[in-house]
Amino acid sequence: MSAVVADMWARSTTQERRSLWRRLQAWTTERGLGMNADSACLFVAATGVRPQGQLAYTKALSASFGAMGFENHPLRVLAKALRGGGAAIPENQATPIERRKLVSWARQQQSSVRLAVLVAWKTASRWAEAANLSSVQFLLVTQKEVIVDWFQTPKGRTQDPFKASRFAVIQGPLTAEIAVLYAKCAPFAPLSALTTSALDALWGQSTQMQGYTAHSIKRGAVKHLLPLLTSGKLSPHLIDRLTKHEEEGGPGTLSRTTLRYAGGDVDLARALETGKVTKHL
């Protein structure tokens, strides 16, 4: 499996999926079962983990089978069933981080980490997405504008290249700082070698960042944008496009995934604009 997927996913994702694949191989061998999607579904059910964990295993194995050209339909059906049963709803959400706190921490770090943090915030991205970017993914870098092409990242290469969310245009605050840091980054190498788990561990040891995880960056960015919906300065589809959730949303509304990132609070409630209706009742 390793030779097939080595260049397809981010390093941390590849390591996790290799480990799960080896577990499946051992499980099927022990029981005399074939190494196929049907056996994989039985394996997932036998793990005994909670529905959220079963969904994660199912998606990972489906991706692995698909990457190698093997039939993965039973796994896709199982994933759909698990989602329908509520497994897609996380039990614990990362605490959103404020821009001021995140930028303050980033400016204490080496330039590569600092650059990845700023890009992750400005594009409302997962840490691994930003950290795995390299110089070739930056189509334009100036003091006023930076343009990123996500399709060239390990995860992006498995996605549809003809989506508006393929590109992120960075403007406004922090753009000039990103341009300066970009000039220092090594060509073709990832912006940062820090994995998601490594960043979580680093923050866990920091008094300043206690209570936050790598996922706090994307959640914080989404939360930061919500008041702009309320004021009419942003359209919901633009937030879905930036966060790469646009395929799920309908016209004029936030996608389900973006709503999950936003969390339930006053800004979100106002942004959904039911007040425009109730004031007439």
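**Burial and overall make-up of the protein chain.** Of the 281 residues of the protein chain, 40% are counted as buried (buried: under 20% relative accessible area; exposed: over 50%; partly exposed: in between; 1.4 Å probe, protein chains only). The model is predicted, with local features requiring pLDDT of at least 70 and side-chain atom pairs pLDDT 80 or more, whereas totals for chains, interfaces and linings use all residues. Residues are numbered from 1 along each chain as its sequence is written, and side-chain values rest on heavy atoms, without hydrogens and water. The protein chain contains 15 helices and three strands (DSSP runs numbered from the N terminus: helices H or I, at least four residues; strands E, at least two). About 14700 Å² of the protein chain is exposed, and 54% of this area is supplied by carbon and sulfur atoms (Shrake-Rupley method, 1.4 Å probe; for residues, only the protein chains shown count as cover). Among contacts between residues at least 6 apart in sequence, 61% join residues at least 24 apart (contact: heavy atoms within 4.5 Å).

**The open sheet of three strands.** The strands of this sheet follow the order 1-2-3 and pair in antiparallel fashion (strands pair if DSSP finds at least two bridges between them). Strand 1 (138-141) and strand 3 (167-170) occupy the edges with a single partner strand each, so one side of each has no neighbour in the sheet. Neighbouring strands are turned against each other by 10° on average, with direction ignored (axes: lines fitted to C-alpha atoms, for helices over the stretch in contact; angles: 0 to 180 degrees between N-to-C directions). Strand 2 (residues 146-149) runs antiparallel to strand 3 and is joined to it by four bridges. Within this pairing, V146 faces I170 of strand 3, and D149 stands opposite F167 of strand 3. Helix 9 (residues 175-182) lies across strand 1, strand 2 and strand 3, and runs at about 115° to strand 1.

**The two faces of strand 3 and a nonpolar surface patch.** Side chains alternate along strand 3: A168 and I170 are buried and point to one face, while F167 and V169 point to the other and are not buried. F167, located in strand 3, has a relative accessible area of 39% and is therefore partly exposed. Together with L139 and L140, F167 forms a nonpolar patch on the surface, and the accessible area of these three residues is about 260 Å² (patch residues: over 30% relative accessible area and no salt bridge; like charges joined within 9 Å, nonpolar side chains Val, Leu, Ile, Met, Phe, Trp, Tyr within 5 Å).

**The salt bridge between R114 and E177.** The side chains of R114 and E177 meet in a salt bridge at 2.7 Å, N to O (salt bridge: a side-chain nitrogen of Lys or Arg within 4 Å of a carboxyl oxygen of Asp or Glu). R114 belongs to helix 7 (residues 111-122) and E177 to helix 9, so the pair ties together parts that are 63 residues apart in sequence. R114 is partly exposed, at a relative accessible area of 22%, whereas E177 is buried, at 15%. A network of salt bridges links R107, R114 and E177.

**Further salt bridges of the model.** Six salt bridges are found in a search of the whole structure. One of them joins the side chains of E30 and R31, at 3.8 Å from N to O. Here E30 is exposed, with 64% relative accessibility, while R31 is partly exposed, with a relative accessible area of 43%. The side chains of E98 and R100 also meet in a salt bridge, at 3.2 Å from N to O. In this pair, E98 is partly exposed, with a relative accessible area of 49%, and R100 is exposed, with a relative accessible area of 59%.

**The surroundings of T258.** T258 is located in helix 13 (residues 256-262). Its relative accessibility is 1%, so T258 counts as buried. With neighbours within four places in sequence left aside, T258 is in contact with V222, I239, D240, T243 and H245. T243 is 15 residues from T258 along the chain, and their C-alpha atoms are separated by 7.5 Å.
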